[in-house]
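This report goes through one protein model, from its overall build to a handful of single residues. Please keep the sequence and the structure at hand while reading.

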Amino acid sequence: MSLSNQYNLLVILGPTASGKTGLGVQLARHYHGEILSADSRQVFKGMDLGAGKDLNEYGEIPYHLIDLVEPGSDYSVFHYQQDFFRAYQDICQRQTLPIMVGGTGLYIDAITQNFTLKEVPINHELRQSLSTLTLAQLQEKLLTLKPEQHNNTDLLVRPRLVRAIEIALGEKESLEPPSYPPIKPLILGIQWPRSELRERITERLKERFNQGMLEEVETLHQQGVSYDRLEFFGLEYRLIAQHLKGELNYNDMFQKLNSQIHQFAKRQDTWFRKMQRRGDQIHWLDAHQNLVEQALTVVNQFNFVSPETL
């Protein structure tokens, strides 16, 4: 088999509520694989319903990059890249198939595009100087440093804006980054008609509230996670924090959150289209057909090898 047909990572992506975890688990059972989460919030302990961990779906399948750090910890794409390759190399040594599952495009790209990232520590002096700036001034400063933003939330939430500026400035002064093995991913994507995905998102959101998502956020705050820190995590955590502070009633909070998750799903789709435009091949699976059968048909055409082989 030619090198062009050899891969060393299976990736399953798609927008929120598309069924990625379920497909990943079934493929892991079939191919004797282990799952690597690609979700920017699932790394935090205690953030279960809000981050959509769906831990009950994994069963006996080993999973990685979930529940790594406390919610108050500073965790970046740099840390994710480090943790990913540590887990990835362990999986390869066990001669099992690594399967990346998630919808955080930046985290996926950091691995599949072999981003050169540097560790940037907290700069208290810089943060003090930024504390006097308005949100608009911070936005202008970040866009001057990095005109192309991967995550729109970095422009909307003050703590994220400050950290993004800190990283943009600190990367210029950091030590040489570590090197990692080359990744050649075979990418599967789950595709739903937009109207049906909207219905799935709304039903899933109702279910998560019924399961206790509001109480989960309340517990995190009682355990010492500040409201500012909860806003840092975006979407569910930001709006539920605003509700708990008395700034939004329950109905307004739910409707606003539902709308923003729909918008988030659109941004995910935009990211995946950008991946295709730059040359990444995504094998799209029709959600109306059997996802496992479609995935097996694609995957069985190719060969998976150890990273050293490429």
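Among contacts between residues at least 6 apart in sequence, what percentage join residues at least 24 apart? The share in this protein is 76%. The model is a predicted one, and every value below is computed from it.

## Overall build

The protein contains twelve helices and eight strands. Its C-alpha trace spans about 60 × 45 × 35 Å along the principal axes. A compact globule of 310 residues would have a radius of gyration near 19 Å, and the protein, at 20 Å, agrees with that. Of the 310 residues, 53% are buried.

The exposed surface comes to about 15,000 Å², of which carbon and sulfur atoms supply 47%. The protein carries 32 positive and 38 negative charges, and the mean positions of the two sets lie 5 Å apart.

## Nonpolar cores

The largest nonpolar core has 87 residues. Those with the most contacts inside this core are L9, L23, L27, Y80, F84, M100 and F209. Helix α2, residues 77–93, gives the core its largest share, nine residues. Another core, of eight residues, lies apart from the largest one; L130, L138, L161 and A164 are among its members.

What does L27 touch beyond its neighbours within four places in sequence? The contacts of L27 are L10, I12, I99, L188, A295 and L296.

L188 also appears among the contacts of H283. H283 belongs to strand β7, which runs over residues 282–286. With residues up to four places away in sequence left out, H283 touches L186, I187, L188, G189, V298 and F302. Its relative accessible area is 15%, so H283 is buried.

## Two positive phi angles

H32 and L65 both have a positive phi without being glycine. For H32 the angle is about 60°, and for L65 the angle is near 70°. H32 is found in the loop between α1 (20–31) and β3 (33–38). L65 is found in the loop between β4 (63–64) and α2.

Which side of the burial cut-off does each of them fall on, buried or exposed? H32 has a relative accessible area of 55% and is therefore exposed. L65 has a relative accessible area of 4% and is therefore buried.

## Contacts and distances of three residues

The table lists C-alpha to C-alpha distances for three pairs, together with their separation along the chain.

| Pair | Separation in sequence | C-alpha distance |
|---|---|---|
| N5 and F302 | 297 residues | 5.4 Å |
| H79 and L117 | 38 residues | 9.3 Å |
| R127 and S259 | 132 residues | 32 Å |

N5 sits in the segment before β1 (6–7). With a relative accessible area of 26%, N5 is partly exposed. Apart from residues up to four places away in sequence, N5 touches K184, F302 and N303. F302 is thus a contact of N5, and F302 is a contact of H283 as well. The C-alpha atoms of N5 and F302 are 5.4 Å apart, although 297 residues separate the two along the chain.

H79 lies in helix α2, the helix with the largest share of the 87-residue core. Why does H79 count as buried? Its relative accessibility is 17%, and the cut-off for a buried residue is under 20%. Neighbours within four places in sequence aside, H79 is in contact with D74 and E119. L117, 38 residues from H79 along the chain, has its C-alpha atom 9.3 Å from that of H79.

R127 lies in helix α4, residues 124–130. At 29% relative accessibility, R127 counts as partly exposed. Which residues does R127 contact, leaving aside neighbours within four places in sequence? They are I122, V162, R163 and E166. S259 is 132 residues from R127 in sequence, and the two C-alpha atoms are 32 Å apart in space.

Notes: Residues numbered from 1 in each chain as written. Predicted model: local features only at pLDDT ≥ 70, side-chain atom pairs only at ≥ 80, totals over all residues. Heavy atoms only, no water. Helix = DSSP H or I, 4+ residues; strand = E, 2+ residues; numbered from the N terminus. Buried < 20%, exposed > 50% of the residue type's maximum accessible area, 1.4 Å probe, protein only. Contact = heavy atoms within 4.5 Å. Rg over C-alpha atoms; globule rule 2.2 N^0.38 Å. Areas by Shrake-Rupley, 256 points an atom, 1.4 Å probe, with all protein chains shown as cover. Lys, Arg positive; Asp, Glu negative; His and termini not counted. Charge placed at Lys NZ, Arg CZ, Asp CG, Glu CD. Core = buried A, V, L, I, M, F, W, Y, C linked by side-chain atoms within 4.5 Å.
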